[in-house]
Amino acid sequence: MILSRASVAQLEMPMYFFIVGAIVAHDRWFSTNDRRWLLAAGALTGVGALCKLVVLPLIPTFILLNLFFHPAKPAMARRVLSIAALLATAVAVFLAGFLPWSGGLAALAKTARNLVTFDQILPYYWAGATSDHVSALVTWPAFLAKAPLHALLAAGVGAWAWRQAREGASALLHLSVFFASCLGSVLFFKHAVSTIQLSPAYLSVAGLGGGLAFAWRKGWVPRCAIAAVFLLGAADVFSVHPNYLAYFNRVVGGSDRGYRWLADSDQDWGQSLPALSAFLKNEGSPGVVLCYSGSGDPVAYGISYQDLLSPALATRERKDFLYLDADRPRFLAVGTKVLQSEPRFLAWVSKAMTPKTVVGQTFLVYDVSRNADAFAWMGEIYRLTGRPEQARKAAVWENQIRASMEKPT
């Protein structure tokens, strides 16, 4: 998670930092009963929310902890006042990030609208189908499809060993309640949401995995088992290097097959363009027809291409046609996100062709050098999308390939 989010400079990283700070501060509030730690937890929650509103599972976490698990067992009125103080501090810090600035009120109103309308982000792609009515509960199996299994195993065993050790009970409680709050947050939505909304749960996964330190004390057998889990984890990480964003676990077939299950927000931001560029150079720089929906510009990575069907901003305005050299191979590179979002146009590819390879878990690359049907299909897409010049030249290539195949040897 750290490698994937930090590599593209997303706001999740500072948000994760402030979430951990808030949990630590609240744990200190439980152990010292010093109200300054309570207010610090609220302030850190507010700063985290300024990074990203995915921080919100902290709120039910702190409410539940104060209502039912405060070690000093204060009167209910005092518990409610503590919750109110924490929430008021969080709201004050959050508002302080908007109100002093020109346009701050407008930005705050837009943020509120986005929060209210977030549940209307449709459609959702799951297990090979797109729908506008996917239950919020589908977010849980989607989360499990992307979750590193070794990390979940380490967290489960670590939590058990931690509980058996009867040490640091407050920290264990904080991490466990926060994990449950993150998973339970999907119940506030009518429709399934991106798994990145559950990503703070991995902070609890990592923390609970620390409980393996208690198992480590038990001798060489558990130590060998723990070492094996970490070695499997390292192998899993390096198997998808450097494209950690598109990670899927082995239960659903691994990262190369993850696109068959989930589109999600992390499937393709252009993070595999360097890998695609390196692959094409290694293949002798063939002519490339591209279907792509990421945010990066392929040209910036030295990829000279002809756009076929690309919802991406970087490619949708390209009007030029790449004159494919007959002496060089001709490849079709299809981004998995486009395969998911444009089934009307791309169903033929999945049925009629087998990819030469999968690059960076997000590009299916086909060799169409001698495939006249592929160019006939491309020509049809160009016609349907109002690009007659590209359709005409695709037909030229189709006819040339058919003619060359009919010549006697």
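## Two loop residues with positive phi

Asn 33 sits in the loop that links H2 to helix H3 (35-51). The model is a predicted one. Although Asn 33 is not a glycine, its phi is positive, at about 60 degrees. Its relative accessible area is 43%, and because the partly exposed class lies between 20% and 50%, Asn 33 counts as partly exposed.

A second non-glycine residue with positive phi is Lys 73, where the angle is about 50 degrees. Lys 73 belongs to the loop between helix H4 (58-68) and H5. Here the relative accessibility is 65%; since exposed means over 50%, Lys 73 is classed as exposed.

## Packing of H2 and H9

Two packed helices are described by the angle between their axes and the distance between the axes. For helix H2 (residues 12-32) and helix H9 (residues 169-184), the axes come within 10 Å and the crossing angle is roughly 135 degrees. Angles over 145 degrees would count as roughly antiparallel and those of 65 to 115 as roughly perpendicular, so H2 and H9 are oblique to each other. The crossing of H2 past H9 is right-handed.

On the H2 side, the contact is made by Ile 19, Ile 23, His 26, Asp 27 and Phe 30. Their counterparts in H9 are Ser 170, Ala 171, His 174 and Phe 178. By class, the residues of this contact comprise five nonpolar, three polar and one charged.

## Val 91 in H5

Helix H5 (residues 76-96) contains Val 91. With a relative accessible area of 47%, Val 91 is partly exposed; the exposed class would require over 50%.

Val 91 and Gly 219 are 128 residues apart along the chain. In space, their C-alpha atoms are separated by 48 Å.

## The chain as a whole

The protein chain has 17 helices and seven strands. Its C-alpha trace spans about 90 × 60 × 35 Å along the principal axes. Of the 409 residues in the chain, 44% are buried. The exposed surface of the chain is about 20500 Å², with carbon and sulfur atoms supplying 64% of that area.

Contacts in the chain can also be sorted by sequence separation. Taking those between residues at least 6 apart in sequence, 69% join residues at least 24 apart.

Key: Residues numbered from 1 in each chain as written. Predicted model: local features only at pLDDT ≥ 70, side-chain atom pairs only at ≥ 80, totals over all residues. Heavy atoms only, no water. Axes fitted to C-alpha atoms, helices over the stretch in contact; angles between N-to-C directions. Helix = DSSP H or I, 4+ residues; strand = E, 2+ residues; numbered from the N terminus. Parallel < 35°, antiparallel > 145°, perpendicular 65-115°, else oblique. Left-handed = near helix turned anticlockwise from the far one by under 90°. Contact = heavy atoms within 4.5 Å. Nonpolar A, V, L, I, M, F, W, Y, C, P; charged D, E, K, R; others polar. Buried < 20%, exposed > 50% of the residue type's maximum accessible area, 1.4 Å probe, protein only. Areas by Shrake-Rupley, 256 points an atom, 1.4 Å probe, with all protein chains shown as cover.
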